[in-house]
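This briefing is intended to be read with the sequence and the three-dimensional structure in view. Its points are grouped by topic.

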Amino acid sequence: MNFDATHFSSYSQGLLLGTSLIIAIGAQNAFVLRQGLRREHVTAIVLACGLADALLMAAGVFGLASLINAQPMLTRLLTWAGALFLSGYGLRALWRARRPGADLHAALGPRLSLRQALLQLAGFTFLNPHVYLDTVLLVGAVGAQQQEQTLRLAFMVGAASGSFLWFALLGYGARWLAPWFARPRAWQILDGLIGLTMLALAAMLLMKSF
């Protein structure tokens, strides 16, 4: 595959979307931060999180692609649905930016074995219904719009890269990030950036549908 400007554009779109989605704070991110603060199994945790997202994103991008090619009208419906979801996601993040929630603290507790840590992580990841909405449906719907198989691959790699980069930053940079995350103002800035990014992506989707 020749990696030209078109492929880089698809990769960048995937990276932007994947990063924006994964930064939303939840149980999985809190667990990664906790393990990073305690320096327990950080490499395994980061790799497991990134690989799980990559597999779900690939299933969405390449599974939905064949279905969409057979049903052209489905492309438009998924585009509108994706734009609606992104708009709601973005507005919710901007609302959170107005009223920052409680500080995120990584709870201290007994040391976990690698098996215990991975089992807990699997629960945080696969028992969360939002992970399927974000990775399989949303990333899949946007990625499946890429015109060629190689562009879909570039988009998916970009989205997965966003997950790996975020989890690596969260896990390995936890001791530096924790004091920053303890400030409500930091959450306001982060949520504000997420909200604006989501609204911009929604606008891009709507423009593509016309």
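What follows is an overview of the chain, and then notes on its helices, loops, salt bridges and surface.

The model is predicted. Its protein chain comprises 9 helices and 0 strands, and the order of elements from the N terminus is accordingly written α-α-α-α-α-α-α-α-α. Of the 210 residues in the protein chain, 43% are buried.

**Helix α1**

- Helix α1 covers residues 5-23 and has 19 residues. At 1.5 Å a residue these should span 27 Å, and the end C-alpha atoms are 27 Å apart, so the two values agree.
- The buried residues of α1 include His-7, Ser-10 and Gly-14. Also buried in α1 are Leu-17, Gly-18, Ser-20, Leu-21, Ile-22 and Ile-23.

**Helix α5 and its two faces**

- Helix α5 (residues 114-126) is built from 13 residues. The distance from its first C-alpha to its last is 18 Å, close to the 18 Å expected at 1.5 Å a residue.
- Ala-117, Leu-121 and Thr-125 are the buried residues of α5. Viewed down the axis of α5, the buried residues lie within an arc of 65°, and therefore they line one face of the helix.
- The general geometry is relevant here: an α-helix has 3.6 residues a turn, so residues three or four places apart point the same way.
- Arg-115 and Leu-119 are exposed residues on the face of α5 that is turned away from its buried side.

**A contact between distant positions in sequence**

- Leu-121, one of the buried residues of α5, has its C-alpha atom 6.8 Å from that of Gln-28. Along the chain, Gln-28 and Leu-121 are 93 residues apart.
- Gln-28 belongs to helix α2. Its relative accessibility is 11%, so Gln-28 counts as buried, the cut-off being under 20%.

**The loop between α2 and α3**

- Arg-39 lies in the loop between α2 (27-38) and α3 (42-70). Its phi is near 55°, a positive value in a residue other than glycine.
- With a relative accessibility of 61%, Arg-39 counts as exposed.
- His-41 is also placed in the loop between α2 and α3. Although His-41 is not a glycine, it has a positive phi of about 55°.
- The relative accessibility of His-41 is 22%, and His-41 therefore counts as partly exposed.

**Salt bridges**

- The structure contains 2 salt bridges.
- One salt bridge pairs Arg-38 with Glu-40, with 2.8 Å between the closest N and O atoms.
- A salt bridge also joins the side chains of Glu-40 and Arg-111, at 3.6 Å from N to O. This pair links distant parts of the chain, 71 residues apart: Glu-40 is in the loop between α2 and α3, and Arg-111 is in the loop between α4 and α5.
- Arg-38, Glu-40 and Arg-111 are joined into one network by salt bridges that share partners.
- Within this network, Glu-40 has a relative accessible area of 2%, so Glu-40 is buried. Arg-111 has a relative accessible area of 57%, so Arg-111 is exposed.

**A buried arginine in helix α7**

- Arg-152 is located in helix α7 (residues 149-172). Because its relative accessibility is 6%, Arg-152 counts as buried.
- The side chain of Arg-152 is in polar contact with the side chain of Gln-149, at 2.8 Å.

**A nonpolar patch on the surface**

- Met-73, Leu-77, Trp-80 and Leu-206 make a nonpolar surface patch of about 370 Å².
- Helix α4 (residues 72-98) gives the most to this nonpolar patch, with 3 residues.
- Trp-80, one of the residues of the patch, is in helix α4. The relative accessible area of Trp-80 is 35%, so Trp-80 is partly exposed.

Notes
Residues numbered from 1 in each chain as written. Predicted model: local features only at pLDDT ≥ 70, side-chain atom pairs only at ≥ 80, totals over all residues. Heavy atoms only, no water. Patch = residues over 30% accessible without salt bridge, like charges linked within 9 Å, V, L, I, M, F, W, Y side chains within 5 Å. Areas by Shrake-Rupley, 256 points an atom, 1.4 Å probe, with all protein chains shown as cover. Salt bridge = Lys/Arg side-chain N within 4 Å of Asp/Glu carboxyl O. Helix = DSSP H or I, 4+ residues; strand = E, 2+ residues; numbered from the N terminus. Buried < 20%, exposed > 50% of the residue type's maximum accessible area, 1.4 Å probe, protein only. Polar contact = N/O pair within 3.5 Å; in protein donor to acceptor, adjacent residues only side chain to side chain. Expected span 1.5 Å × (residues − 1). Arc of directions from axis to C-beta.
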